[in-house]
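Thank you for asking me to look over this structure. My comments follow as numbered points, to be read with the sequence and the model at hand.

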Amino acid sequence: MNKFLLLGAMVLMSLLGFSQEKSTTIVDSYGKTQLQGPMHVEALRDTPFVSWYQANYQVYQPSEALVEKSRPLVKSMKVEVFLGTWCGDSKREVPRFMKLMDQLGVAEEQVELIAVSRADTLYKKSPSHEQQGKLVHRVPTFIVYQEGQEVGRIVEFPVTSMEMDLAQILHGLPTDPHYKVVHLLAKELLKQEISSDSSGKILELARSLYKQGMHDGELNTYGYYLMANDRLDDALIAFRVNAMLYPDVPNVYDSLGEAYAKAKKYEKAIHMYAKCLELAADNRHAQIQIAQLQEKLN
């Protein structure tokens, strides 16, 4: 009898649009319970995630006027939400987005939630790689589709508000998401017309991206994203561009040094770490790396 009850529950969940694909629960290197992979929103309504999910869901009040403008356009909409249960921005924005979906009357099967990892070996990735080829370099990332085509996205947090950004996307007037400089660089890298050794072309690229970014952390994070996706040469380009755009920031040279070391270009790595120390003489990481790299050269 119990088997029949279980089967009936599974059928009911399927009819209601619940995904039967379960996320993986892990304990990360900080001793915190996290989710990884495709998931159902019910997982966020359970311990230990419910405290932040319910609090941010309840406090958020979307504009009723904007909800009304968007409601006629959501029937054919699909959304992929890449989030990190370890990420402060995800903890704030994902509950807000799900409340907006509820008020718009969006069916559960129209929204796919995918939890990504922060571990070095799986950085900003799902174990089943749903993020592959989708430029998920920050979380949360909300990718909106109409008829199978991406029509806009919200990266990390809205430009104006969740309901305003979504309304603009659905009406064909999407604003540039945050981290515009990353998207512009990503387009250039897709052309495969530049290598990390092309100093002249990298300088031209840096000039074209001048004033497109807000701070050095944008391309720095993107560089690590590229390294985690086995695109070391592209990562070197990103870090070199970043160093040209922010020459007074010690960390851009520290990151570039790390990428050169990973590429086994030890002399260049030492030079970058030395430039980092010129700006921040007490940078212990750079000091240690120089010592270790010099041993490899001897």
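1. A salt bridge is counted here when a side-chain nitrogen of Lys or Arg lies within 4 Å of a carboxyl oxygen of Asp or Glu. The model is a predicted one, in which local features need pLDDT of at least 70 and side-chain atom pairs count only at pLDDT 80 or more, while totals for chains, interfaces and linings use all residues. Residues are numbered from 1 along each chain as its sequence is written, and side-chain values use heavy atoms, with hydrogens and water left out.

2. By the salt-bridge criterion, 14 such pairs are found in the whole structure. Glutamate 93 pairs with arginine 92, their closest N and O atoms being 2.7 Å apart, and the side chain of glutamate 93 also meets that of arginine 96, at 3.9 Å from N to O. Arginine 96 and glutamate 93 both belong to helix α4 (residues 88–104), where they are 3 residues apart, about one turn of the helix. Through shared partners, salt bridges join Asp89, Arg92, Glu93 and Arg96 into one network. Helices (H or I, at least four residues) and strands (E, at least two) are DSSP runs, numbered from the N terminus.

3. How accessible are these residues, if buried means under 20% relative accessible area, exposed over 50%, and partly exposed in between (1.4 Å probe, protein chains only)? Glutamate 93 counts as buried because its relative accessibility is 3%, whereas arginine 92, at 27%, counts as partly exposed, and arginine 96, at 25%, is likewise partly exposed.

4. A further salt bridge is formed by the side chains of lysine 134 and glutamate 80, at 2.7 Å from N to O. This pair links distant parts of the chain, 54 residues apart, with lysine 134 in the loop between β4 (111–115) and β5 (141–146) and glutamate 80 in strand β3 (residues 77–83). Glutamate 80 has a relative accessible area of 11% and is therefore buried.

5. The strands form an open sheet of 6 with mixed pairing, in the order β1-β2-β4-β3-β5-β6; two strands are taken to pair if DSSP finds at least two bridges between them. The edge strands, each pairing on one side only, are β1 (24–27) and β6 (149–155). From one strand to the next the twist averages 25°, with axes fitted as lines to C-alpha atoms (for helices over the stretch in contact) and angles running from 0 to 180 degrees between N-to-C directions. β1 pairs with strand β2 (residues 33–39) in the antiparallel sense over 4 bridges, and leucine 35 in β2 is the bridge partner of threonine 25. Helix α4 packs on the sheet, touching β3, β4 and β5, and its direction makes about 160° with that of β3.

6. Helix α8 deserves separate comment. Of its 12 residues 11 are buried, so α8 is largely enclosed by the rest of the structure. Its buried residues pack against α6 (180–190), α9 (232–245) and α10 (250–262), contact meaning heavy atoms within 4.5 Å. Just after α8, aspartate 230 takes a positive phi of about 60°.

7. As for cysteines, the model has 0 disulfides when a disulfide is a pair of cysteine sulfur atoms within 2.5 Å. Cysteine 87 counts as buried because its relative accessibility is 7%, and cysteine 276 is also buried, with a relative accessible area of 0%.
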